[in-house]
Amino acid sequence: MPEGDTVWQATKRLHAALAGKVLTRTDFRVPRYATVDLTGRTVLDVTPRGKHLLTRIEGGLTVHSHLRMDGAWKVFAPGRRWSGGPAHQIRVVLGTDDRTAVGYRLPVLELIRTSDEDRAVGHLGPDLLGPDWDADRALANLLADPARPLGEALLDQRNLAGIGNVFKSELCFLLGVTPWLPVGDLPADRAAALPALAARLLEANRDRPVRNTTGRRNPALFVYGRAPRPCLRCGTPIRVADQGDGSRDRPTYWCPACQTGPSPTPAYPPHPHG
């Protein structure tokens, strides 16, 4: 699932394929932009902002996209068969003489003025992989609502941008607290360490094809996707439950022995995504 690291990787591929090149084909397969034609314009750069991608085009335009759960950008060489999904899932095609970028299942796709990018991403907190990263501001944002469960606060991109379900679960494990612990109850030393730990995890994974938080080849993750297998530290079966109001799929994994704090009762069976 796309988080800050995978968005970084997608942006890097798109930038390498498109930046500095003239568009020879554009095809927006959403009704709002069906008549838009950007051919003849140069792609200036592709920039990540949290989980958002900003593809800047000559003439002051930006293609703003968001991958959410299963969106993807694929890059193809001439003559190569497109393989990111069935044709009806394609939302946009941006082509140059030697590369074609195809956006599949993009839940957010809009063409905006580059000068209006703040309208699309201005609400985001400090980007864990961006030049605006500010650990002190991120921590202050998290602590502003002390009663909020830590896991929910970490997923709120207004606090800090780039964390999803995987890094949420892994961070809480490394901090030794459950994702349901109120932020204000997080011990001061662990709260102070949180922003740097989060940044270190994403930076370590931004160029890896497979996420790794354990430093081992297998298993690569401490808790995410591992219910009901034993905890790597204590052997207790890992648990999983959804966190939040139920409006989104938020599988959350934790060790009931290694992590202190509240947790759902009764224990949930293994999540179908685990």
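**A tour of one sheet and two crossing helices**

Start with the four strands that form an open sheet, in the order β1-β6-β7-β5, with antiparallel pairing. This is a predicted model. Strands of a sheet pair through backbone hydrogen bonds, either parallel or antiparallel.

Now select residues 25–28 for β1 and 72–76 for β5. Both strands stand at the edges of the sheet. Each has a single partner strand, so one side of each is left without a neighbour in the sheet. Turn the view and follow the twist: the average is 15° from one strand to the next.

Next, add residues 100–104, which make up β7. How many bridges join β5 and β7? There are five, and the two strands pair in the antiparallel sense. For one bridge, pick A72 and find its partner in β7, Y104.

Keep the sheet on screen and show residues 4–18, helix α1. This helix packs on the sheet and touches β5, β6 (90–95) and β7. The direction of α1 makes about 35° with that of β5.

Move on to two other helices. Select 165–175 for α5 and 188–205 for α6. Their axes come within 10 Å and cross at roughly 135°. Helices α5 and α6 are therefore oblique to each other. Their crossing is right-handed.

Last, show the side chains at this contact. From α5, pick F167, L171, L174 and L175. From α6, pick R190, L194, L197, A198, L201, L202 and N205. How many of the contact residues are nonpolar, polar or charged? The contact of α5 with α6 has nine nonpolar residues, one polar and one charged.

Notes. Residues are numbered from 1 along each chain as its sequence is written. This is a predicted model: local features need pLDDT of at least 70, side-chain atom pairs count only at pLDDT 80 or more; totals for chains, interfaces and linings use all residues. Side-chain values use heavy atoms; hydrogens and water are left out. Two strands pair if DSSP finds at least two bridges between them. Axes are lines fitted to C-alpha atoms, for helices over the stretch in contact, and angles run from 0 to 180 degrees between N-to-C directions. Contact means heavy atoms within 4.5 Å. Angles under 35 degrees count as roughly parallel, over 145 as roughly antiparallel, 65 to 115 as roughly perpendicular and the rest as oblique. A crossing is left-handed if the near helix is turned anticlockwise from the far one by less than a right angle, and right-handed if clockwise. Ala, Val, Leu, Ile, Met, Phe, Trp, Tyr, Cys and Pro count as nonpolar, Asp, Glu, Lys and Arg as charged, and the others, Gly among them, as polar.
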